[in-house]
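Let's take a stroll through this protein chain. Have a look at the picture first, and then we'll go piece by piece.

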Amino acid sequence: MIDSKERIARALAISTDTKVFEMGQDASALAPEVFTKCFPGRKAVIVADINTWPVLGERVAADFKAAGIPTDTYIIDKKEFHADWKYVEMTDLIVKGDYTAAKAVENDENHQEGDAEKAFSQSSDGYNVLVSVGSGVINDLCKLSSYHHGQSYLTLPTAASVDGYSSFGASITYQGSKQTFTCPAPVAIVADIDVIAHAPKHMTAAGYADLAAKVPAGAEWIIADFVGSEPIQDDAWHVLQDYLDGFLSDPEGVAAGEPRAIADLFEGLTLSGFAMQAAKSSRPASCCDHLFSHILDMVGHRFEGKLQSHGFQVAIGTLTMCAVFDELFKLDLTVLDVDSLVDSWPSLEQEQDRALEVFRDFPAPNLGYIQISQKYGDKAAVRAELSRLKAEWPTLKERLQGQVYSFEKMQKLFRIAGAPYETGHIGVSRAQIRDMFPKVQLLRARYNLLDLAMRGGFYDALVEPVFARGGAWEI
Ligand SMILES: [Zn+2]
């Protein structure tokens, strides 16, 4: 295996937004130099919260000032806050240097959200450059606000909790629903492993699960590639998938916060973001494994009063998909009756009606209708897919088996890493997971394993055994 330096150099060569990625123990000392290189002559504003200010922000601010960089600081006075649109407006004001107005927005409990379309300003050297010191939420706020002002930013992550530091797009709740706003990844990432290794353990475990999701997500990309829906893009695939097993191989070290294991985990998450930059899509990083989590986000799921982290929800989606793949491998798809499957394949209108029914009581009732309208395949397309599947199943199966982990293996890794390994750990029942399947199939236009199963008439054979006697999530 090539070493970390070489992997990162190759990854930077294909990333479209990120130009600098420094990682190591005490790497934060490099931040002033990186800032000056990326933003010569600009003024910095360190954005932290009351958790991340003492662990890193304060030190970074002092280093910037010592290096002669004009530097302001803005500390969000909240122990816990979510990526709501209000805070994007706050961060927009921080870029403009109006800290009083930013504080007023931050503390306004009845804030009226502005129009997201009107958040953009002409770029100007007079704006502050954001230096994000924090985990996923602060990073996403800084990512989107920087984009609003036609500039980039520097991020100093404080936890290996998500792959969002290096991905394009920011996940923000706007008008009551969680949305991904398109915006470029940061130009520079400085990852101080000493700091990241000391993050709360549940955050690191969440990051481990988010990285592990790339195992079944990769398998579903293989399927999408196989049916010709989304071809595998070589650079976006190899940058992470070639090393993924290695990055996941030390859950004990991850749980212990051992710097070497944390560095591997953080690197894996960062390479995942680079893969998304190269593919200009989240395909390399997520498929059904993430959709269970998106559904929980959209219904505002809470457990013991608290929203569950992205990684924790993704852990359960990932395990569920590993269980589904276990069932897939038990099927013999060389015996598919293609003619009769094509004959009984529903029309687009029938599928749209089904989608409306599935999403009838959902906060976004038209979502499935919109997605199926984009990914519906007609009889000719279904015939082509199934004929190929029938003919090439043994080879495809072998390839998928080489990619995906068994439920048992993944569950063991999560148990050791400290990630959720039972649905109850995030406050959902197995029956709730089972009932989410029809929505998961229809939640995105992206082709997934469940789409293939619908076409091939083996959807029930795939899903039901997971919840039946002896199944992974036996009810
Ligand atoms: Zn994720």
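## Two strands side by side

Strand 4 (residues 129-134) and strand 5 run parallel, joined by four bridges. Strands here are DSSP runs of E with at least two residues, while helices are runs of H or I with at least four, both numbered from the N terminus. Two strands pair if DSSP finds at least two bridges between them. Across from P157 in strand 5 stands G134.

Now for strand 5 (residues 154-157): L154 and L156 point one way, T155 and P157 the other way, and all are buried. (Buried means that 20 or more other C-beta atoms, placed from the backbone, lie within 10 Å of the residue's own.) In a regular strand, side chains alternate between the two faces of the sheet.

## About the model

This is a predicted model, where local features need pLDDT of at least 70 and side-chain atom pairs count only at pLDDT 80 or more, while totals for chains, interfaces and linings use all residues. Residues are numbered from 1 along each chain as its sequence is written.

## A helix with a kink

How far does helix 19 (residues 379-403) span between its end C-alpha atoms? Only 30 Å, though a straight helix of 25 residues would span 36 Å at 1.5 Å a residue. (The expected span is 1.5 Å times one less than the number of residues.) Helix 19 has a kink of about 75 degrees at E392, shortly before the proline P394. That bend is the angle between axes fitted to the seven residues ending there and the seven starting there.

Buried residues of helix 19 include E385, L386 and L389.

Methods: Buried ≥ 20, exposed ≤ 12 C-beta atoms within 10 Å, placed from the backbone.
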